[in-house]
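Okay, everyone, thanks for squeezing me in. I'll put the model up and then walk you through a few places in it.

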Amino acid sequence: YPTSFFQGRTHDDLFIKLNFEEKKFFYATDLLSELNKYQDLVLIYDEMVDSIKKYYSDTLHMSDSDAARYAKMTASNLILHEIFYR
């Protein structure tokens with residue numbers, strides 16, 4: 001995702017619609033809460049975030065703080081879309 005997608009946003013802003021008629025949403029913060037229930041999923045998520053952060057730092061030359069923040073949001077967004085839109 002381009003950095004402009006995440007500027008000014010937090011995990012509270014990331015969501016997907018589960019049901020368009022009833023306007024049911026599932027937020028990235030909910031995803032993180034669910035992941036935290038399972039240590040193996042936390043490890044996988046952290047590895048995904050580290051990989052994305054490395055790409056943002058090495059290839060896009062982002063600052064470490066921006067790379068870390070955007071990597072977490074990218075990972076969460078990708079998981080949400082993979083789970084619910086596939």
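So, confidence to begin with, since this is a predicted model. The mean pLDDT for the protein is 84, and 88% of the residues get to 70 or more. Broken down by element, the lowest mean, 69, belongs to helix α1, residues 3-6, while α3 has the highest at 95. Keep that in mind if you plan to look at α1.

Now the layout. We've got four helices and two strands, and starting from the N terminus the order is α-β-β-α-α-α. As for contacts, take those with a separation of 6 or more: 54% of them are between residues 24 or more positions apart.

On to the inside. Of the 86 residues, 29% count as buried. The largest nonpolar core has 18 residues, and the members that touch the most others are L31, Y45, Y56 and L80. Helices α2 (28-35), α3 (39-58) and α4 each put in at least two residues. Which helix gives the largest share of this core? That's α4, with seven residues.

Staying on α4, have a look at S76, which sits in that helix. Is S76 buried or exposed? Its relative accessible area is 0%, and the cut-off for buried is under 20%, so S76 is buried. What is S76 in contact with, if we skip the neighbours within four places in sequence? The list is H11, A28, L31, L32 and Y45. You'll recognise L31 and Y45 from the core I just described.

Next, the outside. The accessible surface comes to about 5900 Å², and carbon and sulfur atoms account for 52% of that. There's a nonpolar patch on the surface made by L18, I83 and F84, with about 260 Å² of accessible area together. I83 brings us back to α4, which spans residues 64-85.

One last stop, for those of you who like backbone torsions. Most residues other than glycine have a negative phi. H61 isn't a glycine, yet its phi is positive, about 55°. Where is H61? In the loop between α3 and α4. And its side of the burial question goes the other way from S76: H61 has 65% relative accessibility, and exposed means over 50%, so H61 counts as exposed.

Right, that's my tour. Shout if you want to go back to any of those spots.

Methods
Residues numbered from 1 in each chain as written. Predicted model: local features only at pLDDT ≥ 70, side-chain atom pairs only at ≥ 80, totals over all residues. Heavy atoms only, no water. Patch = residues over 30% accessible without salt bridge, like charges linked within 9 Å, V, L, I, M, F, W, Y side chains within 5 Å. Areas by Shrake-Rupley, 256 points an atom, 1.4 Å probe, with all protein chains shown as cover. Salt bridge = Lys/Arg side-chain N within 4 Å of Asp/Glu carboxyl O. Buried < 20%, exposed > 50% of the residue type's maximum accessible area, 1.4 Å probe, protein only. Contact = heavy atoms within 4.5 Å. Core = buried A, V, L, I, M, F, W, Y, C linked by side-chain atoms within 4.5 Å. pLDDT = per-residue confidence, 0-100.
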